[in-house]
Amino acid sequence: MQSQLPIYPEQASNFAPNVDSLMLFITAICLFFAVAVTVAIVIFFFKFHRKAPNDVGVPIHGDSRLEAAWMIIPLILAMAMFSWGAVVYVDYRNAPRDTLDVYVIGKQWMWKAQQPNGLKEINELHVPVNRNVRLILASEDVIHDFFVPAFRVKMDVVPGHYNTMWFRPTKPGRYHFFCSQYCGTNHALMGGWVTVMEPSDYAAWLSGSSGGSTNPLVAGEKLFAEKACITCHVPDGSGRSPSLNGLYGAKVLLADGSTVTADESYIRESILQPNAKIVAGYPPLMPTFQGQLTEEQILALTAYIKSLQSLPVPAKGSGIAAPTGNK
Amino acid sequence: MPHEDYLNATYGIRSWLLTTDHKRIALLYLGSVTVFFFIGGIFATMIRIHLLTPTGALVTPETYNKLFTMHGVAMIFFFLIPSIPAVLGNFLIPLMIGAKDLAFPKINLLSWYIYIVGGCFVLYSFGTGGLDTGWTFYTPLSSVYSNSAVTPAVIGIFINGFSSILTGLNFIVTIHTMRAPGMTWFRLPLFVWAHYATSLVMILGTPVVAITLLLAGLERMFHLGFFNPALGGDPILFQHLFWFYSHPAVYIMILPAMGVISEIIPTFARKPIFGYSFIAGSSIAIAVIGFLVWAHHMFVTGESTYAALTFSFLSYLVAIPSAVKVFNWTSTLYKGSISWDTPMLYAFGFIGLFLIGGLTGLFLACLGLDIHIHDTYFVVAHFHYIMVGGAVMGYVGGIHFWWPKITGRLYSETLSRIAAVTLFVGFNLTFFPQFILGYLGMPRRYHTYPPEFQVLNVLSTAGASILALGYLLPMLYLTWSMRYGKVAGQNPWPATGLEWKTDSPPPTENFHVTPEVTWEPYDFLNRPDLGLAAGSPLPAPAHGDD
C-alpha cells in the first residue's frame with residue numbers, strides 16, 4: 001500500500017493465471033468499445049456543435065447494415081468470453097480424483113477446518129504446495145462463503161448442503177481468506193489465513209501438532225456404533241438395511257428406478273433425511289437424524305462411511321447398482 | 001397568472017391529497033421519492049465516512065450492517081424503482097400520447113397511497129432497531145438468525161409492490177387505449193416504449209418478490225419451513241425466487257432512464273433518432289430476456305454446472321440490446337446540431353457511465369471470472385455504475401429536460417452545467433476505485449478491512465463528498481427557479497414531442513383541443529411550428545441564460 005498500488009492480488013493457485021488472463025482478455029475488448037464510443041462522442045460533441053441557434057441536424061434515420069454489424073460483432077465477442085469463462089468454470093467445478101480432502105465448517109463468525117488425520121484448526125488452513133486440495137464445505141447456521149483472493153476461487157457454504165471447491169496451491173506463503181457472503185454482525189471478522197507449505201513441512205506440521213485431536217475415522221466409527229447404525233447396516237449385507245461397504249463413489253439403485261452417485265451430499269442427506277432417496281428393495285425404516293448430530297459428527301460419520309469404500313461389497317444386501325444396470 | 005394551469009387550478013392541501021390529476025400525483029411522488037433519496041443518501045454518507053480507516057471510523061459493526069442494508073432498501077425499493085416511472089412517467093405519458101390523464105386516475109392516486117403506507121412500515125423498521133439482513137434478505141439469516149426489525153420491513157416492501165403493479169397496469173392500459181388520433185405505435189416517443197417495457201416487468205415480476213418476502217416473513221413469524229434447512233426448507237430456493245424479480249428489477253430502474261436519454265439526444269442534436277425501431281425493440285428484448293438471467297447471481301452457490309452455463313449464456317445475450325442502444329445514441333450525434341445544454345450533458349454522462357456499468361457486467365457474466373469477483377467490491381462498483389451512473393443520471397437529466405414543462409420556469413444554465421460536471425467527476429472518483437478493490441479481493445459488506453485496501457477506500461470517500469455536493473446543488477437552484485426562474489414558454493428547447501405543444505405548466509386537462517399527430521417522431525425538418533431554420537424563418541424561442 002505504501003509505494004505502489006497493485007491491481008491484482010498475488011497469483012498462488014493453478015486457477016490464478018487463467019482467471020487473470022481471462023480478466024485481461026475481457027478488459028481489452030471492453031476497453032476497445034469504451035474508448036471507441038467515448039472518442040466518437042467527444043469528436044461529435046465538438047465537431048457538430050451547433051453553429052447558429054436555429055440550425056437543425058441532417059436527418060439520418062438509420063442503417064440496417066450498421067445495426068446488423070453492431071449486433072453480430074458484439075455477439076461473437078460475447079460468445080468468446082462466454083466460452084473461455086465456461087472452460088475455467090467447468091474445470092473449477094469438477095475436482096480431479098487425487099485430491100487431499102479437508103473439511104471446512106463455517107459458523108457465525110469463525111471457520112473450523114479439519115485435516116484428513118483429524119487435526120483441527122480455527123481460522124487457519126494449512127495445505128501442501130502443488131497438491132490438489134478439495135474443501136468440503138458445511139455451515140452450521142447461515143450461508144457463508146469461503147474466498148481466497150490469491151487463489152481466485154470462492155464457494156458458498158450453505159446450510160443443509162455440502163458444497164465442494166478445489167485448487168492447487170502453486171506458491172508457498174500465507175494468504176488471506178475471507179467470508180464473502182454476508183452472514184450477520186461480524187461477517188467482516190470471519191476470515192483467516194491459508195498457509196501453503198512445502199510437502200515436507202506440511203507433513204512435519206501434521207504430525208507435530210496432532211496431539212489431542214481425534215481422527216475423524218475413529219470418531220466416526222465410534223458414532224456408527226453409538227447411534228446404532230451398525231445394527232441395521234450390517235457389513236455382510238445380512239441386516240435390515242443395505243451394507244455400506246464399497247458404497248462411496250458407487251451408483252445406488254433407488255426404489256423409483258433411478259440411480260444416484262453416493263457422494264458426500266448423498267451420504268449426508270441419507271443420514272438427515274433418510275426418506276428422501278429410498279434404496280431399491282429396502283423398506284423406509286430409518287429414523288431421521290436431523291437435529292441430533294452436529295455438523296462435525298456428520299462429517300465424522302461421512303468420513304467413516306467413505307473409508308468403507310475399500311471393503312468388499314457383499315453379493316447380496318448392498319444398495320449398489322449392478323454395473324450393467326439401467327442408465 | 002396569465003392562464004389557469006394544473007398547479008393553480010385549485011388550492012389547499014385537500015386539492016393535492018385527493019387529486020386524480022396525473023401531473024399532481026407525479027409531484028406527490030417527486031416529493032416522496034426525494035425524501036427517501038435523502039434518507040438513503042445519509043446512510044451512504046455514513047458508510048463512506050466509516051470506511052475511511054481499516055478498523056472503521058464511525059460506528060459499531062452492527063450499526064454498519066444496518067446502514068448498508070437500509071441504504072439499499074431505501075434506494076432500491078423506495079427511490080430507484082418508482083423514481084422515473086412514477087414521477088416522469090406519470091407526468092409525461094398522457095401528455096406524450098395526447099391524452100387527458102391515465103386510464104385509471106383513481107388507481108393512480110391509490111398507487112401513491114400504497115407507496116406511502118409501505119414506506120411508513122419501512123421507516124418504522126428503520127426507527128425501531130433498524131434492519132441488518134442486507135437488502136437481499138438472504139435466508140436463513142433474515143428468516144431465522146437476524147435480531148433486527150425484519151418483519152415490518154418485509155411487510156412494507158410487500159405492500160409497496162402493489163404500488164408498482166398498479167402503476168404498470170395503468171401505463172399499459174393507457175398506452176394501448178388512449179393515444180391521440182394519428183399517434184401510431186411507431187410514432188410513440190421512445191420514452192413511452194421504454195415505459196411500456198418497464199410496465200411489463202413490473203406486473204410480471206413484482207408479484208413474485210412479494211410472495212417470496214411473504215414466505216420469508218411467515219418463516220420468521222410462524223416457523224414454517226420454506227427456506228430454513230432445519231425445518232426441511234432450502235435456502236437456495238429463496239435466492240431463485242428473489243432474483244427472479246430482483247434481476248428484472250434492475251431493468252425497471254434502467255429502462256426508463258434509457259427512455260429519457262432517447263428523448264434528450266434527438267432534441268439536443270436536432271435530428272431524428274438513429275434506428276428508432278431498433279431502440280424501441282431493444283427495450284422489449286431487454287424486458288423479455290431480462291427475465292431469463294436471474295441465476296447469474298448464484299454461480300457460486302453450488303448450483304448445477306449446466307444451470308450456470310445456461311444462465312451465463314443468456315446473460316451475454318441480454319448485453320446485445322443494451323449495446324444496440326448505445327451505438328444508436330452515438331450515431332444520432334453524427335451530423336447533428338448539438339447544443340451543450342444541461343440535459344445533453346447528463347445524456348453524455350449517462351452514456352459514459354452506463355457504458356462502463358454495462359461492460360463490467362460482461363466480467364460478472366463470465367463464469368470463470370465470477371468465481372473470483374462475485375460478492376466483492378467489483379460487484380458494488382458495477383451495479384452503482386448502472387443504478388447511479390445510469391438510472392440516477394437519467395432521472396436527474398430528465399428532471400432538467402422537463403423542468404420547464406413541469407414548473408413553467410427555466411433554471412440557471414451555468415449552475416446546472418457545473419452540477420452536471422460535478423456529479424460526473426464525483427461519481428467516477430467514488431466508484432471506479434471499487435472495481436480495483438474488488439479485483440484485489442475486498443469482499444462487500446465489510447465494516448473493517450485489511451490495511452492494504454485503505455488508499456482506494458479513501459479515494460472513494462473523497463469522491464463521495466464531491467458527489468454529495470453534485471446532488472445538493474440542483475436541489476437549491478431548481479427550488480430557486482420555481483419562484484425566480486425565467487418563464488419558459490411552451491417549448492423552450494425546442495423539442496418535437498406532444499408534451500411541448502401545450503402550455504407550460506399544462507392545463508389540468510393537458511390540451512385545450514385534442515391534438516392530432518401528422519408527423520413522424522423527432523422530425524425537425526417538417527415542423528414549421530418549432531421555428532427552426534429548416535422550417536420557417538421565425539426566430540428561436542427564449543432559451544435559458546446562455
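This report walks through some features of a two-chain model, from a sheet in chain A to some unusual backbone spots.

The model is predicted: local features need pLDDT of at least 70, side-chain atom pairs count only at pLDDT 80 or more, and totals for chains, interfaces and linings use all residues. Residues are numbered from 1 along each chain as its sequence is written, while chains are lettered from A and ligands numbered from 1 in the order in which they are written.

## A sheet in chain A

Let us begin with the strands. Helices (H or I, at least four residues) and strands (E, at least two) are DSSP runs, numbered from the N terminus. In chain A, five strands make an open sheet with mixed pairing, in the order β3-β2-β1-β5-β8; two strands pair if DSSP finds at least two bridges between them. At the edges are β3 (120-122) and β8 (163-167) of chain A, each pairing on one side only. On average, neighbouring strands of the sheet are turned by 25° against each other, direction ignored. (Axes are lines fitted to C-alpha atoms, for helices over the stretch in contact, and angles run from 0 to 180 degrees between N-to-C directions.)

Strand β5 (residues 133-139) of chain A runs antiparallel to β8(A), and five bridges join the two. Here A:L137 stands opposite A:N163 in β8(A). Helix α7 (residues 295-307) of chain A lies across β1 (100-107), β2 (110-114) and β5 of chain A, running at about 165° to β1(A).

## Two helices in chain B and the loop between them

How do α6(B) and α7(B) pack? Their angle is about 155° and their axes are 8 Å apart. The two helices are therefore roughly antiparallel to each other, a label for angles over 145 degrees (under 35 is roughly parallel, 65 to 115 roughly perpendicular and the rest oblique). The residues of this contact divide into 21 nonpolar, nine polar and one charged. In this grouping, Ala, Val, Leu, Ile, Met, Phe, Trp, Tyr, Cys and Pro count as nonpolar, Asp, Glu, Lys and Arg as charged, and the others, Gly among them, as polar.

B:P189 sits in the loop between α6 (150-177) and α7 (190-222) of chain B. B:P189 counts as buried because it has 27 C-beta neighbours inside 10 Å; the cut-off is 20 or more other C-beta atoms within 10 Å, with 12 or fewer for exposed and partly exposed in between, C-beta atoms being placed from the backbone. Leaving out residues up to four places away in sequence, B:P189 touches B:M96, B:E263, B:G497 and B:P521, where contact means C-beta atoms, placed from the backbone, within 7 Å.

## Where the chains meet

The contact takes 83 residues from chain B and 79 residues from chain A. Helix α10 (residues 305-333) of chain B gives the largest share of chain B's side, 14 residues. By class, that side has 54 nonpolar, 21 polar and eight charged residues.

## Unusual backbone spots

Most residues other than glycine have a negative phi, and most peptide bonds are trans. The table lists some exceptions.

| Place | Feature | Value |
|---|---|---|
| B:T139 to B:P140 | cis peptide bond | omega near -5° |
| B:W493 to B:P494 | cis peptide bond | omega near -10° |
| A:R152 | positive phi, not a glycine | phi about 65° |
| B:Y522 | positive phi, not a glycine | phi about 55° |

B:P140 lies in the loop between α4 (105-127) and α5 (141-145) of chain B. A:R152 lies in the loop between β6 (144-148) and β7 (153-157) of chain A and is buried, with 31 C-beta neighbours inside 10 Å. B:Y522, in the segment after α15 of chain B, is buried with 28 other C-beta atoms within 10 Å.

Terms used: Two residues are in contact if their C-beta atoms, placed from the backbone, lie within 7 Å.
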